[in-house]
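Here are some exercises to work through with the structure open beside you. Try each task before reading its solution.

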Amino acid sequence: MEKLVEMGKMEGKYLTFALGSEEYGIGICKVKEIIGMMPVTTVPQMPTYVKGVINLRGKVIPVVSLRLKFGMTDADYTDRSCIIVVEVKMNADTMLIGVVVDTVSEVINMREAEIEPSPSFGASVATNYILGMAKAGDGVKILLDIDKVIDTQEIENIREAA
């Protein structure tokens, strides 16, 4: 019964985007803005998936490649590549982080009946950052819990470097 209550909480609007041939979604309430690619200043000693930081209207924002974070190969940026600026929870605080995606698709409204729990891949595969699987047309979109995609310690390291 508890899982059904959680599934009901996932109903709502999601910004969908692509990484390679896979489609993902982030709750629209977490998205602050979408910007085109811009120069990223590299920060030494960061994990490979941390591209660096950008200056967005006077605010220094860390930028993360979701491709690299998810273990995909890096890809050249195209005219459709962009940075989604999201608000991520860090304990009682929040911070803005830019995530690089191949292309933004659309905002979709997902109903409870269209969302299934994430499948279990066994204890050795971490899937805690997956909210659920959204059935959209003939495909499936992976709904992400952006607060769990980057863990608290990683956020703190990025914040200190920025």
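**Exercise 1. Decide whether Arg57 is buried, partly exposed or exposed, then look at its backbone.**

Solution. Keep in mind that you're working with a predicted model.
- Step 1: Arg57 has a relative accessible area of 66%. The cut-off for exposed is over 50%, so Arg57 is exposed.
- Step 2: To place it, find the loop between strand 4 and strand 5 (59–65); Arg57 is there.
- Step 3: Now check phi. For Arg57 it's near 50°, a positive value in a residue other than glycine.

**Exercise 2. Do the same for Gln45: where is it found, and what is its phi?**

Solution.
- Step 1: Gln45 is in the loop between strand 3 and strand 4.
- Step 2: Its relative accessible area is 81%, so Gln45 counts as exposed.
- Step 3: Phi of Gln45 is positive, about 70°, although this residue is not a glycine.

**Exercise 3. Find out what Lys51 touches and which side chain it makes a polar contact with.**

Solution.
- Step 1: Go to strand 4 (residues 50–56), where Lys51 is found.
- Step 2: Skip the residues up to four places away in sequence. Lys51 then touches Val40, Thr41, Thr42, Val63, Val64, Ser65, Leu68, Asp74 and Tyr77.
- Step 3: Pick Asp74 from that list. The side chains of Lys51 and Asp74 make a polar contact at 3.0 Å.
- Step 4: Try a distance as well. Lys51 and Val100 are 49 residues apart along the chain, and their C-alpha atoms are separated by 8.9 Å.

**Exercise 4. Work out whether Arg67 is buried or exposed, and name its polar partner.**

Solution.
- Step 1: Arg67 is in helix 2.
- Step 2: Its relative accessibility is 12%. Buried means under 20%, so Arg67 counts as buried.
- Step 3: Leaving out neighbours within four places in sequence, Arg67 is in contact with Leu19, Gly20, Met72, Thr73, Ala75 and Asp102.
- Step 4: One of these, Asp102, is the partner: its side chain makes a polar contact with the side chain of Arg67 (3.0 Å).
- Step 5: Take a look at Thr73 too, in the loop between helix 2 and strand 6. With a relative accessible area of 63%, Thr73 is exposed.
- Step 6: Thr73 and Gly20 are 53 residues apart in sequence, and their C-alpha atoms are 9.4 Å apart in space.

**Exercise 5. How many aromatic pairs does the structure hold, and why is the pair of Phe70 and Tyr129 called stacked?**

Solution.
- Step 1: The structure holds three aromatic pairs.
- Step 2: For Phe70 and Tyr129, the ring centres are 5.4 Å apart and the planes are at 15°, so the pair is stacked. The cut-off for stacked is under 30 degrees.
- Step 3: Phe70 sits in the loop between helix 2 (66–69) and strand 6 (82–90), while Tyr129 sits in the loop between strand 9 (115–116) and strand 10 (130–136), so the pair ties together parts 59 residues apart in sequence.
- Step 4: Check the accessibility. Phe70 is partly exposed at 22%, and Tyr129 is partly exposed with 22%.
- Step 5: Widen the view: ring pairs link Phe17, Tyr24, Phe70 and Tyr129 into a cluster.
- Step 6: Tyr129 is also in contact with Asp145, as is Leu131, leaving aside the neighbours of Asp145 within four places in sequence. Asp145 is in the loop between strand 11 (139–144) and helix 3 (146–149), and counts as buried at 18% relative accessibility.
- Step 7: Elsewhere, another ring has a charge for company: the charged end of Lys69 sits over the ring of Tyr49, 4.6 Å from its centre.

**Exercise 6. Which element of the protein has the lowest mean pLDDT, and which the highest?**

Solution.
- Step 1: Start with the whole protein. Its mean pLDDT is 84, and 85% of its residues reach 70 or more.
- Step 2: Helix 1 (residues 2–9) has the lowest mean among the elements, 46, and strand 3 (residues 31–36) has the highest, 96.
- Step 3: Over residues 1–7 the pLDDT is below 50, and this stretch has six contacts in the model beyond near neighbours in sequence.
- Step 4: Where pLDDT is low, the predicted coordinates shouldn't be read in detail.

Notes. Residues are numbered from 1 along each chain as its sequence is written. This is a predicted model: local features need pLDDT of at least 70, side-chain atom pairs count only at pLDDT 80 or more; totals for chains, interfaces and linings use all residues. Side-chain values use heavy atoms; hydrogens and water are left out. Helices (H or I, at least four residues) and strands (E, at least two) are DSSP runs, numbered from the N terminus. Contact means heavy atoms within 4.5 Å. A polar contact is a pair of N or O atoms within 3.5 Å; within protein, one must be able to donate a hydrogen and the other to accept it, and residues adjacent in sequence count only if both atoms are side-chain atoms. Rings of Phe, Tyr and Trp (its six-membered ring) pair if their centres lie within 6.5 Å; planes under 30 degrees apart count as stacked, over 60 as edge-to-face and the rest as tilted. Buried means under 20% relative accessible area, exposed over 50%, partly exposed in between (1.4 Å probe, protein chains only). A charge sits over a ring if NZ of Lys or CZ of Arg is within 6 Å of the ring centre and within 35 degrees of the ring normal. pLDDT is the predictor's confidence in each residue, from 0 to 100.
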